[in-house]
Each structure stands twice: as structure tokens, then as C-alpha cells.
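Please consider the sequence and the structure shown here. The paragraphs that follow lead through a pocket and several helices.

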Amino acid sequence: MNYDLVIVGGGPAGLGAAIAAKENGIESILIIDREAELGGILNQCIHNGFGLHTFKEELTGPEYAQRFIDKVKNLSIDYKLDTMVFDISQDKTVYAINPFEGLLEIKAKSIILAMGCRERPRGALTIPGTRCSGIMTAGSAQKFVNIKGYMPGKEVVILGSGDIGLIMARRMSLEGAHVKAVLELLPYSSGLKRNIVQCLDDYNIPLKLSHTIVKIHGKDRLSGVTIAKVDDKRKPIKETEEYIPCDTLLLSVGLLPENELSRKVKVDLSPVTGGAIVDNFLQTNIEGIFACGNVLHVHDLVDNVTLESYNAGTNASLYIKGLLKNDKKIPLNAIDGVRYTVPQFISPNAIENNITVRFRVSDVFKNSSVAVYFDEIKVINKKKKIFTPGEMEEIKLTKDMFLKYPNVKTITFKIENTIKN
């Protein structure tokens, strides 16, 4: 079985990449997804707020996904569902399996990795206590409520203030549960400000910053949790311990790019994002293998996933046609409050348009600016009232900048003039 382009993942990233590649003249495209339906995680995100940038209207997750699913079908792009990719070789052979065809060996000229991300489980947290029922990730609870029609519980505590946790605080409240508190280890929320307002403040759900769970209580079913405030080293303060009775604990403690396949094919991964290290074409260190969406780095808006996937699909089509220029690569250096950048490298001689560099900060910074240096020369100084880790930031590097400084060796992003929170 041979295809010009194989895309692993049928969520918003994979769908967008496939559409872009098809519109750029690639006819032989295959999307592979392990679920029974295209759309990825959006199928269980029945709340609105999607599509404001892409479609200039407010959609639910399934509505947003359906726009792309319809387009994939109208463009006659091939896809295989209920199909698990278990290996990829460096010669771009994809090995997959499904119950209909058995073992599949698919040779591709180019591959786009769009596997998305997964939630960090309880096992990664090492919270003392029994292994009782009633403890699950916020995403699992979302699937139970929105897809399966089951209520996980009635008295709820949520650990972590990521966006999924905030959204599930509202969802559980709407379904009649009592959400007693959302706890956050850090002194700031890791979710979007609008979700804090719409999902917690509007429902009088307390957000306890600098708090964590120190013990889980219950034998067969969760009966309660002991929480405590933490100090500036994130260690629990004994005298602040408080017991909260509850029958359900939802974990919203971070998302991890799902990069097992990337490791197998020996794609270089960032120790900060957990995703692939890419250049401005979204190409990994393995020529012809690209990455986009939450498998690359965790996004806060699906609209940005779509933009990124369009770029991946367009660039993969250029690679297949032999038009992608590979030349010297300039590293991007993230320091002094900038946690990471994507891309991590830029090929300056191949720049035709502006390059959007997305990044996150490592802390809350007020009345600060992000500065961009070409070697020792400051070329951008973007001021903002507040930078927060929960909000993805972006800066555009123009072609004129690279023409003005043709010998630049390193591009540095950092936060300056800060009033730290």
C-alpha cells in the first residue's frame, strides 16, 4: 500500500493538514485514526467557544470538527478508522493494524504526526491514599458525561486548574453536582482567564491557589480528600490542612504530547514541551516527517491548531514535490521567563512570508515586554500588561528582518522590564 502523504491522527490537526495538502495538489493522502469517528477530542467537547478566529462564529467542538470532516469527505481524502499505528520506520513506512484488514504496511513519501496529547494520570502525582474508585482525569469525566451519559459523582473536588478542569467544573455543576473547590498547586491558574470567569466565578466555585491534596480517603469509593496550602517551594504546610468530604476527584494536572511513535522513529523531542523539535516548516530532524497540533506542543485554542496544521500540510506537499528548501538553520533560544518557542529552528533562506513563533512564559509577568534579539541586536520589543503561562503568545518574524541581518547566528526570546507577580 503506497501513499504520498500519511497523516497519523484524525483530530483537528490531522484534518487540517490533510485539507491543506490536498488543496496544494497532493492527491494520494491517507488519514489514520484509532477512534471510530474522525474529529478527535473535539467530539466530546460539547461546550461552545470554538471557531471564533477560524470561522468568525462561535461553535461547539463537534460542530467545529464537522466543518473539517465534511471538507475531507468532499475532497475524497482517504481515511482509516479503528486503526492503530504501532510503528513508523525512518524510511517512512507506517505499520498499523485494524480488525477489518489485519496488519497494514503503508509506504509514504511524507508523514505528518498529529496524534494529539493525553492527560497526566494519578500515577504521576504520587498522592498518598487508597486506590478507591471515584478518581479520574477531567477528560475521562468529560467523556462519561458528554458521550456516555453517565455522571461520575455528586460531590466533586478538582485538582488542577487547566482548561479541561475548569470546563468540567461548570459541566458537573450544570448536571447537578456540587463542585466544592478547584485546587491549584501554583500561585496562578494554568487555564485561560475567560474559563476562570465563565466556569468558576459565574458558578461561585472557589479556586484555591497554592493548594494541593495531601491525602486521599476511602476504601471502595472515595470519601474525601485532605488538602493543604503549599509554601513557595510547593511543600504542604501542615497547619493549613483541611478535610473536604467528596465522592469524586477529577484530575486536571497537565497534558502530555503523545509521542510514543515519534520516539520509535527517533524524532528529537523537546524536554520542555515533550513534543518534536521542528523548524519553521514544522519538519522534524527526520527529513519528510512533520508534526503539528498538540503532539507538537499543547495549544490553548483549537483555532491555532488549525493554522499550524495548514502550514504542516502545505509544507509536506512542498516536500513531496521536491520544492522544500533545506539550508542552514538558526536556533531560537528561550531564556529569562520565556519557557519555550515553536519552532525551535528557522531556515532563513527559505522564508517567503512572515514566520509566526509561538511561545509560553514560565510565570506571571506584569507590565513587561517580550524582547527578540538577533544575536546582540534587539529587533522586537512587544509590551503587554500581563503575561501568563496559560495563554499562548506569538510574535511574527518578517523576511525583512532576515534580509537586514543575513549573518544572524542565534535568535533569542526573553522577558524584560518585568514586575513579577
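Helix α7 contributes the most to the lining of the second largest pocket, giving 6 residues. The model is a predicted one. Besides α7, the elements that supply two or more residues to this lining are β21 (355-361) and β24 (393-397). In total, 24 residues line the second largest pocket, and its volume is about 640 Å³. Nearest its centre lie N280, N311, N315, N354 and I355. By character, the lining divides into 11 nonpolar, 7 polar and 6 charged residues. Such spaces can be found in a general way: rolling a probe the size of a water molecule over the atoms shows where empty space is left.

Helix α7 also holds Y319. Is this residue buried or exposed? Y319 has a relative accessible area of 18%, and because buried means under 20%, Y319 counts as buried. Leaving aside neighbours within four places in sequence, Y319 is in contact with K92, K109, S110, Q283, E287, G288, F290 and L324.

Helix α7 (302-320) appears again in the surroundings of helix α2. Helix α2 comprises the 14 residues 61-74. At 1.5 Å a residue, α2 should span 20 Å, and its end C-alpha atoms are indeed 20 Å apart, so expectation and model agree. Which residues of α2 are buried? They are G61, Y64, A65, F68, I69 and V72. These residues cover an arc of only 135° around the axis, and therefore lie on the same side of α2. A general rule helps in reading such a pattern: an α-helix has 3.6 residues a turn, so residues three or four places apart point the same way. The buried residues of α2 pack against α1 (12-23), β2 (29-32) and β3 (78-80), as well as against α7. Just after α2, S76 takes a positive phi of about 55°.

Helix α3, residues 138-148, may be read in a similar manner. Its buried residues are A138, G139, A141, Q142, V145 and N146. They cover an arc of only 155° around the axis, which means that they are on the same side of α3. Among the elements that cover these buried residues are β7 (117-119), β8 (135-137), α4 (163-174) and β15 (248-251). Just after α3, G149 takes a positive phi of about 80°.

Finally, how far apart in space are G149 and Y319? Their C-alpha atoms are separated by 45 Å, and the two residues are 170 residues apart in sequence.

Technical notes. Residues are numbered from 1 along each chain as its sequence is written. This is a predicted model: local features need pLDDT of at least 70, side-chain atom pairs count only at pLDDT 80 or more; totals for chains, interfaces and linings use all residues. Side-chain values use heavy atoms; hydrogens and water are left out. Helices (H or I, at least four residues) and strands (E, at least two) are DSSP runs, numbered from the N terminus. The expected span of a helix is 1.5 Å times one less than its number of residues. Buried means under 20% relative accessible area, exposed over 50%, partly exposed in between (1.4 Å probe, protein chains only). The arc is that of the directions from the helix axis to the C-beta atoms. Contact means heavy atoms within 4.5 Å. On a 1 Å grid over the protein atoms alone, a cavity is a set of points where a 1.4 Å probe fits but cannot get out, and a pocket is an open set with protein on both sides within 12 Å along at least five of seven lines; lining residues have an atom within 4 Å of a point. Grid points are joined across faces, edges and corners, and a volume is the space filled by probe spheres set on the points. Ala, Val, Leu, Ile, Met, Phe, Trp, Tyr, Cys and Pro count as nonpolar, Asp, Glu, Lys and Arg as charged, and the others, Gly among them, as polar.
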